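User: I am new to this protein and would like to be walked through it with a few questions. Could we begin once the sequence and structure are on view?

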Amino acid sequence: MLYAILAYHEEKIVESWTAEEDAAVMTGLLKVHERLDREKALGPSARLGTTGQAVTLRGPGAGMIIDGPFAETKEQLLGLYVVDCADRDAAIAVARDLRRANPTAVYEIRPVRRYIPGAPLPGMQA
């Protein structure tokens, strides 16, 4: 089953890291990535750009573009992973591996439903 692991962190803290501190975190995360890749369990993953570069589309019709994400939170979504795990416990174990490399991050784990236009969603009647 696919799981999304959403990586949250305080953006100002991440931006304050020196190049060496950032490289150390990324080196630790890369070790987890390499293991997951060997196990053929790592799907798309991304380090997102800053929230200052983001825009949000909302509202009726064509919508309106608003600068940045529209959420008043201490932590921002800064990255994501899609992993193929046997079950939720296995996905939590992957998140714990990521957290060992970046212990100040928060990881949200969610099952991913595959969407195929015209096909019923799993668990839903046609």
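User: In which strand is Leu42 found?

Analyst: This is a predicted model, in which local features need pLDDT of at least 70 and side-chain atom pairs count only at pLDDT 80 or more, while totals for chains, interfaces and linings use all residues. Residues are numbered from 1 along each chain as its sequence is written, and side-chain values use heavy atoms, with hydrogens and water left out. Helices (H or I, at least four residues) and strands (E, at least two) are DSSP runs numbered from the N terminus, and on that numbering Leu42 is found in strand E2.

User: Is Leu42 buried or exposed, or does it fall in between?

Analyst: Buried means under 20% relative accessible area and exposed means over 50%, with partly exposed in between, using a 1.4 Å probe and protein chains only. Leu42 has a relative accessible area of 22%, so Leu42 is partly exposed.

User: Which residues is Leu42 in contact with, leaving aside its neighbours within four places in sequence?

Analyst: Contact means heavy atoms within 4.5 Å. With neighbours within four places in sequence left aside, the contacts of Leu42 are His33, Leu36, Asp37, Tyr81, Val82 and Val83.

User: What separates the C-alpha atoms of Leu42 and Leu2?

Analyst: Leu42 and Leu2 are 40 residues apart along the chain. In space, the separation of their C-alpha atoms is 9.6 Å.

User: Which residue has a positive phi although it is not a glycine?

Analyst: Most residues other than glycine have a negative phi. The residue in question lies in the loop between H2 and E2, and is exposed, with a relative accessible area of 74%. With a phi of about 55°, it is Lys40.

User: Which element gives the most to the largest nonpolar core?

Analyst: A nonpolar core is a set of buried Ala, Val, Leu, Ile, Met, Phe, Trp, Tyr and Cys residues joined through side-chain atoms within 4.5 Å. Of the 21 residues in the largest one, those touching the most other members are Ile5, Leu29, Tyr81, Val83, Val94, Leu98 and Tyr107. Strand E1 (2–9), helix H2 (19–38), strand E5 (76–84) and helix H3 (88–101) each give two or more residues to this core, and the element that gives the most, with 5 residues, is H3.

User: Which residues does Leu29 touch, not counting those up to four places away in sequence?

Analyst: Leu29 is among the core residues that touch the most other members. Not counting residues up to four places away in sequence, Leu29 touches Tyr81, Leu98, Ala101, Asn102 and Tyr107.
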